[in-house]
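Here are some short exercises to work through with the model open beside you. Try each task before you read its solution.

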Amino acid sequence: MKEESKVLTEKETDQLISDFFENYESYFDRPYYMDVLAQPLAKQYLRPSSLKVCLAYQLLTKEWLKAKLEEESFHDNGEKERIYLELEPGKLKNHLPKEDWDLASDYLFPGDKQAYLELTADKKKLLLPSNKRQQLQHFKTSLANCQSWQKLLYHIKENHADLSVNWHFKNQSKLEVTLTGRKDHEHAFALKEQEAMDEEYDKFLANSKKKEANYKKKIKEKVAASSLRGDLLARAIAQLALRNETRITPNNCLKILRGLSYPDYDAINHSDYDRHFRFLPNQEILQVIEAMQKDGLIAAEERIYSDYHVYYHELVPTDLTEEFLNAEAAEGSDIALLKELNESADKTDLSAFNVVKLSQELLQHPALVCVDQGYQAFIDQHDLAREYLKTRLQLTTNKFTKKYLRLLLEGDAEKSIPGQAVNA
């Protein structure tokens with residue numbers, strides 16, 4: 001015959017609670033559990049359903065259990081009593097330290113029916129059901145695994161130097177760690193002794209650094225092979241691709257660099273050379289964009305403007321773009337020539353051959369007139385340079401070359417071309 005429910009006296013309640021915690025103290029280790037649960041890895045590793053039940057027991061305090069038993073009738077016939085956590089302020093919160101309440105709020109929510117306690121009573125004793133004892137023991141093992149993974153991540157953080165780390169669980173026994181930089185820098189670590197995991201990671205790190213160094217070396221070699229290093233127009237294009245995530249198509253690029261009408265101009269991140277290349281024809285800018293794509297210095301990815309179902313190609317950076325901008329200027333490039341002209345400006349003993357040679361090279365670098373008029377000191381210092389340019393002006397029939405030669409001889413390029421000169 002089923003026994004009736006009984007309301008416990010305060011003395012009986014205190015005794016029940018004291019006996020309960022004394023008998024099952026080994027299943028509860030609040031400081032350890034709360035410390036592990038607060039670690040970022042725990043929330044991804046532990047399964048939510050079992051976590052919430054086990055977390056309910058770890059949040060259990062004598063004060064809260066006493067309050068619950070005083071509210072409810074008590075059966076001493078061995079039936080399970082299921083008690084749900086109540087996260088509403090004024091109930092569970094009143095019986096928890098603030099840090100435990102904050103942690104519980106990360107895992108649980110008000111009215112969560114997955115978070116509950118199951119207790120039984122037998123002959124005036126409050127008991128933990130055997131299935132819950134097994135579940136709590138398994139939970140403790142899971143937390144120990146979780147702590148081992150967390151120690152590995154701390155070990156990684158202390159030793160990964162300049163390589164950043166991402167991680168996710170491949171399954172319940174393997175953690176996959178990826179060192180950013182290259183896609184092949186990933187490795188799944190099986191759960192094992194901490195020392196063995198640390199040793200395995202150190203080997204992985206050394207191998208990853210070697211791969212990263214080899215990849216960077218390949219990037220440098222690819223950039224070094226490009227004759228566009230030090231080309232002012234190419235630098236401007238690379239900066240636009242690197243500094244913007246959207247809206248930089250080849251046609252938009254030439255509009256920005258030539259200072260033509262571009263409605264989104266204020267919304268983009270600008271290059272150091274915007275609006276300085278009005279003097280250059282469209283075709284020259286598009287040819288440089290094409291050459292940069294061929295060298296892999298930038299790329300074009302297909303996009304769709306969904307409102308109008310319009311496809312377009314957007315200029316985007318590659319792994320070579322940043323290295324290209326930092327690379328040493330190639331021989332015969334805009335920047336290399338400008339440096340040589342500046343060094344030759346004050347040389348009174350410069351041979352006629354070198355003066356003519358530099359003047360010829362200057363004619364092949366019209367981007368200088370757009371960006372930096374440092375070449376003017378060379379023309380002013382050497383009469384032979386000016387005479388050579390005048391002769392070329394008389395002989396040429398090309399309209400673009402005529403305009404360029406007049407700008408070189410007049411020395412007022414800034415008046416003719418929008419945008420102030422900047423240092424290359």
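**Exercise 1. Place His382 and decide whether it is buried or exposed.**

Solution. Start with the chain: His382 sits in the loop that links helix H16 (376-381) to helix H17 (383-395), where helices are DSSP runs of H or I with at least four residues, numbered from the N terminus. Next, check the accessibility: His382 has a relative accessible area of 8% and is buried (buried is under 20%, exposed over 50%, partly exposed in between, with a 1.4 Å probe and protein chains only). Finally, list the contacts (heavy atoms within 4.5 Å): beyond neighbours within four places in sequence, His382 touches Ser344, Ala345, Lys347, Leu350 and Val355.

A word on the source: this is a predicted model, in which local features need pLDDT of at least 70, side-chain atom pairs count only at pLDDT 80 or more, and totals for chains, interfaces and linings use all residues. Residues are numbered from 1 along each chain as its sequence is written, and side-chain values use heavy atoms, leaving out hydrogens and water.

**Exercise 2. Find how many salt bridges the whole structure has, then look at the one between Glu361 and Lys357.**

Solution. The search gives eight salt bridges (a side-chain nitrogen of Lys or Arg within 4 Å of a carboxyl oxygen of Asp or Glu). For Glu361 and Lys357, the closest N and O atoms are 2.9 Å apart. Both residues belong to helix H14 (residues 352-363), and because they are four residues apart, about one helical turn separates them. Lys357 is partly exposed, at 31%.

**Exercise 3. Compare the accessibility of Lys170 and Glu176.**

Solution. Lys170 and Glu176 form a salt bridge, with closest N and O atoms 3.7 Å apart. Lys170 is exposed at 53%, whereas Glu176 is buried at 11%.

Conventions
Helices (H or I, at least four residues) and strands (E, at least two) are DSSP runs, numbered from the N terminus.
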